[in-house]
Structures are given as structure tokens and as C-alpha cells.
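Good morning, and thank you for coming. Please take a moment to look at the sequence and the structure before I begin.

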Amino acid sequence: MSGSRHLFLTGFRGTGKSTVGFILSQQLGLPLVDLDDFIEQRAGKTIRQIFEDGGEPLFRTIEAEVLGEVVERPPSVISLGGGAILREENRAIVRRSGTCFWLDADAETILTRLRADESTAQRRPSLTKLQQRQEVGHLLQERAPLYEMSADYRIETVGKEPETVAAEILALWSARSTSV
Ligand code: S3P
């Protein structure tokens, strides 16, 4: 354990983690680590291809390995994939390595954003046999307690621009940094 204090972003697919992470990294002058980018680099293929080759178990194994490595880097803004908090070992790593913000949104908002996001096809294979709408509703409900367990703060993102979400996080981060 390096003891470094990272800024983690967690939350469901389509809640704006990558965009907000980019803004925060610029504003804080910290490196940006997008975990999905690192996973694709490590595997030499897209997330969709990883799922095709080894299913979700292979993806989760690579995800856990990469998370364990990136937290050893100097303080960074780390944007987690939406399911990184599924494994208890990952939740423990996040809790002990920094401050985590949960970007939250309702299922309808998430569906709209996923359908508008070009990266969805290569980065977001189906996780269940359900239709997309049902999958989002089901997994959101299942994961909400895990996001809550992993995060120090929940940030509502519905109806807000990424800059507004980033500003809220920055205020909390600064207050926390000066109080420890
Ligand atoms: C996943 C979310 C994706 C990506 C992978 C699995 C999930 O990341 O890690 O498709 O289980 O919710 P984003 O949350 O960045 O879309």
C-alpha cells in the first residue's frame, strides 16, 4: 500500500464518470486514470472482445489486477468502471486508498445517456440476458448498496452539466483535504 490519496469516481454506466474525471484531473492538476482504458491496454483488445473471449469473469479478473496496480501510483483521479465495486477486494482497495464519489442517476436518465454515447457499443456489452431497459433497472437496484458502501459521498447527476458535478466534488474534496 502506497498510502496515496486518490480521488475515485464510481457509479453506474452512463453517470458521467469519465467526463467528470477528465474535468477534475484538469482542475486539480492530477493524472487521470480511466480504469476501462487501462483494462483495454492490458488486454490489447476492447472490453467487448474481452467479454466475447472470456465472459464477465475474465473481465473482472483483469479489472481487479489493474485496480491493484493503479492505486500504487501517485495521487490520481481514478474513474472506475461501473462494476468495479462488485468484488469485496476492490471495495476494500477503494476505501483504503482515497476518497470515493458515487455519481448517481435514475434508470431512465442512464438509458438515455447510454444510447447517446458512442463508446457504448465497444465498452458496454450486455451483463445479463435481459433487455437493456430491464438490465439497467435490475443492476442499479442490485448495485446501489455496493456503491453506497464504497463511496464517501453520493452526488446526484440528473439535470446537471458535468462541470456542475465536478464543481460539487471539488468543493467536497477541498473541504476534506483541508480537514485531514
Ligand atoms: C461495466 C461498466 C463499464 C465497463 C464494463 C463493465 C459494468 O464501464 O467497465 O462494460 O459492469 O457496469 P463504465 O461504467 O465506464 O461504462
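I shall speak about two helices, the ligand, and a few buried residues. Please keep in mind throughout that this is a predicted model.

Let me begin with helix α3, which comprises residues 47-70. How far apart are the end C-alpha atoms of α3? A straight helix of 24 residues would span 34 Å at 1.5 Å a residue, yet α3 spans only 18 Å. The helix bends by about 120° at G54, and the proline P57 follows within four residues of that point. A number of residues in α3 are buried, including I47, I50, F51, F59, I62 and L67.

Helix α7 offers a second case for the same check of length. Its 19 residues should span 27 Å at 1.5 Å a residue, and its end C-alpha atoms are 25 Å apart, which agrees. There is nevertheless a bend in α7, of about 40° at R143, and here too a proline, P145, follows within four residues. The buried residues of α7 are E135, V136, L139, L140, R143, L146, Y147 and S150. Against which elements do they pack? They pack against strands β1 and β4 and against helices α3, α4 and α5.

One member of that buried group is E135, in helix α7, which runs over residues 132-150. Is E135 buried or exposed? Its relative accessible area is 6%, and the cut-off for buried is under 20%, so E135 is buried. Setting aside neighbours within four places in sequence, E135 is in contact with R13, S126, L127, T128 and L130.

I turn now to the ligand. There are 14 residues around it, and D36, R60, R123, R124 and R143 come nearest. Three polar contacts deserve individual mention. A polar side-chain atom of K17 lies 2.7 Å from a ligand oxygen atom. In the side chain of R60, an N or O atom is 2.6 Å from an oxygen atom of the ligand. From G82, a polar backbone atom is 2.8 Å from a ligand oxygen. On its own the ligand has 380 Å² of accessible area, and the protein covers 97% of this.

R60 merits a closer look, as this residue belongs to helix α3. With a relative accessibility of 9%, R60 counts as buried. Beyond residues up to four places away in sequence, R60 touches G83, A84, L86, R87, L127 and R143. Along the chain, R60 and L139 are 79 residues apart, and their C-alpha atoms are separated by 16 Å.

A84 also brings us to N90, which lies in helix α4. The side chain of N90 reaches the backbone oxygen of A84 at 2.9 Å. With neighbours within four places left aside, N90 is in contact with A64, L67 and A84. The relative accessible area of N90 is 1%, and N90 is therefore buried.

Finally, consider L9, found in strand β1. At 0% relative accessibility, L9 counts as buried. Which residues does L9 touch, not counting those up to four places away in sequence? They are K17, V20, G21, L24, I78, S79, L80, F101, L103 and I169. L9 and D34 are 25 residues apart in sequence, and their C-alpha atoms are 9.7 Å apart in space.

To close, I return to R143: the bend in α7 is at this residue, and R143 is among those that come nearest to the ligand. Thank you for your attention.

Notes: Residues are numbered from 1 along each chain as its sequence is written. This is a predicted model: local features need pLDDT of at least 70, side-chain atom pairs count only at pLDDT 80 or more; totals for chains, interfaces and linings use all residues. Side-chain values use heavy atoms; hydrogens and water are left out. Helices (H or I, at least four residues) and strands (E, at least two) are DSSP runs, numbered from the N terminus. The expected span of a helix is 1.5 Å times one less than its number of residues. The bend at a residue is the angle between axes fitted to the seven residues ending there and the seven starting there. Buried means under 20% relative accessible area, exposed over 50%, partly exposed in between (1.4 Å probe, protein chains only). Contact means heavy atoms within 4.5 Å. A residue is near a molecule or strand if one of its heavy atoms lies within 4 Å of it. A polar contact is a pair of N or O atoms within 3.5 Å; within protein, one must be able to donate a hydrogen and the other to accept it, and residues adjacent in sequence count only if both atoms are side-chain atoms. Accessible areas come from the Shrake-Rupley method with a 1.4 Å probe; for residues, only the protein chains shown count as cover.
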